[in-house]
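Let's take a walk through a protein model together, starting from the outside and working towards the details. Keep the 3D view open and turn it as you read.

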Amino acid sequence: MTTPHVTRCTDRYFRRAIYGFDPDIVDFPEQALLTGIVQGYCPICLSLADDLHRDSPLRSCQHTAALLETLTLKEMWDNYGVVGDIIPFTADFPRADIHELISVDLLHQIIKGTFKDHIVDWVELYIKQVNEPAEAECILADIDRW
Ligand SMILES: [Zn+2]
């Protein structure tokens, strides 16, 4: 991962290539496990679990290593959402920071997380608030039919 190797590319030309890891697309529980963060914290930045909207510095293996040298495991867990005794599999590879390799899981985090868990619930609540109960059930049944 540091020394170039002459490789024949798909366009049939030979090039010197340095190999690395591709982004890792996994669901959130596996992201937490791979990056060594506490469930509910962001695997990419240092936002607090209850304040994910604030701009925060990005996580890095270098930052986690600095925390390991100065804090206890409990302080890392409580203050930074880091599980200090989990070592990411990328720790011994050059140019491979697991926090940079994690990619958004479109199915679970965007479609299910945003659409199903928030928008559908909000629309259902809205329909129940602006209609009589029997009418709301009729509308929701009609929506479910589709
Ligand atoms: Zn984040």
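**From the surface inwards**

The protein exposes about 10800 Å² of surface, and carbon and sulfur atoms supply 59% of that area. Keep in mind as you look that this is a predicted model.

Now step back and consider the overall form. Along its principal axes, the C-alpha trace of the protein spans about 70 × 50 × 25 Å. How does the radius of gyration of the protein compare with that of a compact globule of 146 residues? Such a globule would come out near 15 Å, but the protein has 22 Å. As for the interior, 25% of the 146 residues count as buried.

Next, follow the chain itself. The secondary structure comes to six helices and four strands. Reading along the sequence, you meet them in the pattern β-β-β-α-α-α-α-β-α-α. You can also ask how the chain meets itself: among contacts between residues at least 6 apart in sequence, 43% join residues at least 24 apart.

Finally, zoom in on helix H5, which covers residues 106-130. Leu-106 lies in this helix. Is Leu-106 buried or exposed? A residue counts as exposed when its relative accessible area is over 50%. Leu-106 has a relative accessible area of 56%, so Leu-106 is exposed.

Leu-106 also has company at the surface: together with Val-104, Leu-107, Ile-110, Ile-111, Phe-115, Ile-119, Trp-122, Val-123, Tyr-126 and Val-130, Leu-106 makes a nonpolar surface patch of about 1100 Å². Try highlighting these residues in your viewer to see the patch for yourself.

Note on methods. Residues numbered from 1 in each chain as written. Predicted model: local features only at pLDDT ≥ 70, side-chain atom pairs only at ≥ 80, totals over all residues. Heavy atoms only, no water. Patch = residues over 30% accessible without salt bridge, like charges linked within 9 Å, V, L, I, M, F, W, Y side chains within 5 Å. Areas by Shrake-Rupley, 256 points an atom, 1.4 Å probe, with all protein chains shown as cover. Salt bridge = Lys/Arg side-chain N within 4 Å of Asp/Glu carboxyl O. Helix = DSSP H or I, 4+ residues; strand = E, 2+ residues; numbered from the N terminus. Buried < 20%, exposed > 50% of the residue type's maximum accessible area, 1.4 Å probe, protein only. Rg over C-alpha atoms; globule rule 2.2 N^0.38 Å. Contact = heavy atoms within 4.5 Å.
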